[in-house]
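Here's a quick tour for anyone meeting this protein for the first time. Take a look at the picture, then read on.

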Amino acid sequence: MRLYHMRCIFILSPAFFILFACADNASVKKKTQYVINDTTTKSISFNYTKRKKYCQKLYSFYKKEQTSEKEEQLTVFIRDSLLPSWYGTKWNFYGTTETPGEGTIACGYFVTTLVRDMGIPIQRIKLAQCASEEMIKTICDRKSISRFRNISQLKFVEEVKKKSPGLYIVGLDNHTGFLLNDGNELYFIHSTYLGKAEVISEIALESTVLASSAY
């Protein structure tokens with residue numbers, strides 16, 4: 001079942017990544033801005049509920065008529081409004097929050113919660129607790145999966161940059177998150193256990209988590 005405009009990539013040892021893309025070139029190049037002025041947990045919760053509902057509406061419009069314009073609207077909103085809502089939310093291995101800024105969230109729950117909130121019907125808890133490979137196989141069209149073997153972090157980043165700009169899921173040995181290819185740079189967006197231990201967006205080539213994955 002094709003839930004969205006998805007393409008999956010598997011990169012095997014020494015590093016293992018699982019990806020799906022959700023946009024074409026126009027989708028991420030358009031600089032539509034969604035200003036976030038949340039200052040309290042209460043306002044974050046309220047505004048995220050509105051953003052989530054609006055994103056799901058965009059997804060329903062896209063499902064009914066899969067045009068490049070509707071895909072662009074959906075992807076830009078995810079990039080500029082839905083994902084940034086989570087930045088700064090604290091990480092915890094057992095974190096399961098469904099609201100940005102409240103409680104904590106583990107990496108798997110971060111991915112499945114965002115995918116669900118985008119409007120894609122999935123089993124959030126079950127997929128968050130299983131291996132990244134199984135999660136991606138469940139979400140993505142199997143025919144869209146590609147595999148790369150014996151690839152370094154640098155080569156991996158270079159290869160993803162060559163692909164269509166868009167939003168991807170990446171699965172590591174003990175971690176998962178999103179990759180955003182904006183056509184120029186590749187960003188790793190994830191609930192990290194390093195540093196401040198929170199949801200962040202960082203340049204993929206500079207990510208210690210990506211570099212340390214052996215699977």
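## Starting from the core

The model shown here is a predicted one. Its largest nonpolar core is made of 33 residues, and Phe110, Leu114 and Phe178 have the most contacts inside it. Several elements chip in: α2 (41–64), α3, α4, α5 (124–129), α6 (132–139), β4 (166–171) and β5 (176–181) each supply at least two residues of this core. Which of them gives the most? That's α4, with 6 residues. There is also a second, separate core of 13 residues, with Phe156, Ala204, Val209 and Leu210 among them.

## A closer look at α4

Since α4 gives the most to the largest core, let's stay with it for a bit. Helix α4 covers residues 107–118, 12 residues in total. From its first C-alpha to its last, α4 reaches 17 Å, close to the 16 Å expected at 1.5 Å a residue.

Is α4 mostly covered or mostly open? Mostly covered: 11 of its 12 residues are buried. The buried ones include Phe110 and Leu114, both named above for their contacts in the largest core. Polar names turn up in the buried set too, including Thr112, Thr113 and Asp117. In general, an α-helix has 3.6 residues a turn, so residues three or four places apart point the same way.

Right after α4 comes glycine 119, and its phi is positive, near 120°.

## The loop before it

Going back along the chain, the loop between α3 (68–82) and α4 holds proline 84. Is proline 84 buried or exposed? It counts as buried because its relative accessible area is 19%, and the cut-off for buried is under 20%. Proline 84 and proline 100 sit 16 residues apart along the chain, and their C-alpha atoms are separated by 9.5 Å.

## The sheet

Now for the strands. An open sheet is built from 4 strands in the order β4-β5-β6-β7, with antiparallel pairing. β4 and β7 (199–203) are the edge strands, each pairing on one side only. On average, neighbouring strands in this sheet are turned by 25° against each other, direction ignored.

Here's how β4 relates to two other elements:

| Pair | Arrangement | Value |
|---|---|---|
| β4 and β5 | antiparallel, joined by bridges | 6 bridges |
| α6 and β4 | α6 lies across β4 and β5 | about 145° to β4 |

For one bridge in detail, pick valine 170: its partner in β5 is glycine 177.

Methods
Residues are numbered from 1 along each chain as its sequence is written. This is a predicted model: local features need pLDDT of at least 70, side-chain atom pairs count only at pLDDT 80 or more; totals for chains, interfaces and linings use all residues. Side-chain values use heavy atoms; hydrogens and water are left out. The expected span of a helix is 1.5 Å times one less than its number of residues. Buried means under 20% relative accessible area, exposed over 50%, partly exposed in between (1.4 Å probe, protein chains only). A nonpolar core is a set of buried Ala, Val, Leu, Ile, Met, Phe, Trp, Tyr and Cys residues joined through side-chain atoms within 4.5 Å. Two strands pair if DSSP finds at least two bridges between them. Axes are lines fitted to C-alpha atoms, for helices over the stretch in contact, and angles run from 0 to 180 degrees between N-to-C directions. Contact means heavy atoms within 4.5 Å.
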